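Please keep the coordinates open while reading this note. The points go from the sheet to the helices and then to the enclosed space.

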Amino acid sequence: MSKDFKTTIGGQAVLEGIMMKGTQKSALAVRKPDGSLYLETWENKAKRWYNKAPFIRGIFNFIDTLMGGYKCLMKSADISTEGLEEETSSKFEKWLEEKFGDRLYKAVGVVSAVVGVGVAIALFMYLPALLIGLLKGVLPKWGLSLAEGLIKMAIFVGYMAAVSLMPEMRRMFQYHGAEHKTIACYEAGEALTAGNIKKHTRFHPRCGTSFIFLVLFIGILVNSVVTWDDPLIRSALKIALLPVVVSVAYELIKLAGKYDNVFTRIISWPGLQIQRLTTKEPDTPQIETAIAAMEPVLPETAGEDLW
């Protein structure tokens, strides 16, 4: 591999583990409570034309990533607590499990997803709009859009900083760092060993954290042309324009992952700084988990996964 080799392999940190997605296969590696490693691999779905067409591919791939990531996160939650529930569950919890079984977990998952979407709307749409309402008549319309975007960024960074203080989230961020470092080691053409991986950076321009920042930043530009006359119309137009924002951000993140020049460094820099919150230095078992998830998705033909 050349020193400029960039792979299409990407991943996601989950509870006590990592999911890696290659060109043909994906893998999920999770640490069980007894320290053993759970590993599952599966074939990727064939890409349709809308997953590959420039600009429109962004929104479809984003939705696929969210759905696949959510499934892996839920599975990792079950695996990483396997056997622990029986020791800590109350009689009522055991009764619920016996009565409803898997339906209970599915229901909890749906409720959690709905609550998560509700919280996201409240934090990133309602709260900024409420605060900006206090500045109407003080700032011009472009100033209101800028202030709204800056408030969203501040909320995002503050939220990441707050959750990084939680022990469970800190461990997930360590797995996030292990994922990045493993990919960086592979791109450098080095053997995937814990010793080699530890030398590499935990920051990567193709990270989801950087993608979210780009979505917020591009949203400032796009929403600056949306009317302020009617709050309901403005909210509806912002939701309608969200696919455009996501698609542009996706194309920029692809450029940042493929090229290393002044432009890509500029658009990558803010996201890389936020990764100081969302990635932490991993320990050796976490790196070994990343290796276990990475090896099954490596291409059989060298260079097949070229970005």
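The numbered points below describe a predicted model.

1. Sheet layout. The model has an open sheet of 4 strands. Their order is S1-S2-S3-S4, and the pairing is antiparallel. Strand S1 (10–14) and strand S4 (37–43) are the edge strands. Each has a single partner strand, so one side of each is left without a neighbour in the sheet. From one strand to the next, the twist averages 15°.

2. The S2 and S3 pair. Strand S2 covers residues 17–21, and strand S3 covers residues 25–31. They pair in the antiparallel sense, with 5 bridges. Take Gly17 as a landmark: its bridge partner in S3 is Val30.

3. The S3 and S4 pair. Here the antiparallel pairing runs over 7 bridges. Val30 turns up again, now opposite Tyr38 in S4. That residue can be used to step across the sheet: Gly17 partners Val30 on one side of the register, and Tyr38 of S4 stands opposite Val30 as well. S3 and S4 form a hairpin, with 5 residues between the two strands. Gly35 sits in the turn and has a positive phi of about 95°.

4. Helices on the sheet. Which strands does helix H1 touch? Helix H1 (residues 57–80) packs on the sheet and touches S1, S2, S3 and S4. Its direction makes about 30° with that of S3. Helix H6 (residues 167–187) lies across S1, S2 and S3. H6 runs at about 160° to S1.

5. H1 against H9. The axes of these two helices come within 7 Å and cross at roughly 90°. H1 is therefore roughly perpendicular to H9. On the H1 side, the contact uses Arg57, Gly58, Ile59, Asn61 and Phe62. On the H9 side, it uses Pro243, Val246, Ser247, Tyr250, Glu251 and Lys254. The contact residues split into 5 nonpolar, 3 polar and 3 charged.

6. Second largest pocket. How much space lies in this pocket? The value is about 480 Å³. The lining has 22 residues, and the closest to the pocket centre are Lys6, Glu187, Pro205, Ala256 and Asp260. H6, helix H9 (231–258) and helix H10 (262–278) each supply at least two lining residues. The largest share comes from H10, with 4 residues. By class, the lining divides into 8 nonpolar, 7 polar and 7 charged residues.

7. The cavity. A search of the whole structure returns 1 cavity of 30 Å³ or more. The space in the largest cavity is about 30 Å³. Its lining consists of Pro205, Ser210, Leu214, Ile253, Ala256, Ile267, Ser268 and Gly271. Helix H8 (208–223), H9 and H10 each give at least two of these residues. H10 gives the most, with 3 residues. The lining holds 5 nonpolar and 3 polar residues, and no charged ones.

8. Cross-check between points 6 and 7. Pro205 and Ala256 are among the residues closest to the centre of the second largest pocket. Pro205 and Ala256 also line the largest cavity. H10 gives the largest share of the pocket lining, and H10 gives the most to the cavity lining too. Charged residues number 7 in the pocket lining, whereas the cavity lining has no charged residues.

Methods
Residues are numbered from 1 along each chain as its sequence is written. This is a predicted model: local features need pLDDT of at least 70, side-chain atom pairs count only at pLDDT 80 or more; totals for chains, interfaces and linings use all residues. Side-chain values use heavy atoms; hydrogens and water are left out. Two strands pair if DSSP finds at least two bridges between them. Axes are lines fitted to C-alpha atoms, for helices over the stretch in contact, and angles run from 0 to 180 degrees between N-to-C directions. Contact means heavy atoms within 4.5 Å. On a 1 Å grid over the protein atoms alone, a cavity is a set of points where a 1.4 Å probe fits but cannot get out, and a pocket is an open set with protein on both sides within 12 Å along at least five of seven lines; lining residues have an atom within 4 Å of a point. Grid points are joined across faces, edges and corners, and a volume is the space filled by probe spheres set on the points. Ala, Val, Leu, Ile, Met, Phe, Trp, Tyr, Cys and Pro count as nonpolar, Asp, Glu, Lys and Arg as charged, and the others, Gly among them, as polar. Angles under 35 degrees count as roughly parallel, over 145 as roughly antiparallel, 65 to 115 as roughly perpendicular and the rest as oblique.
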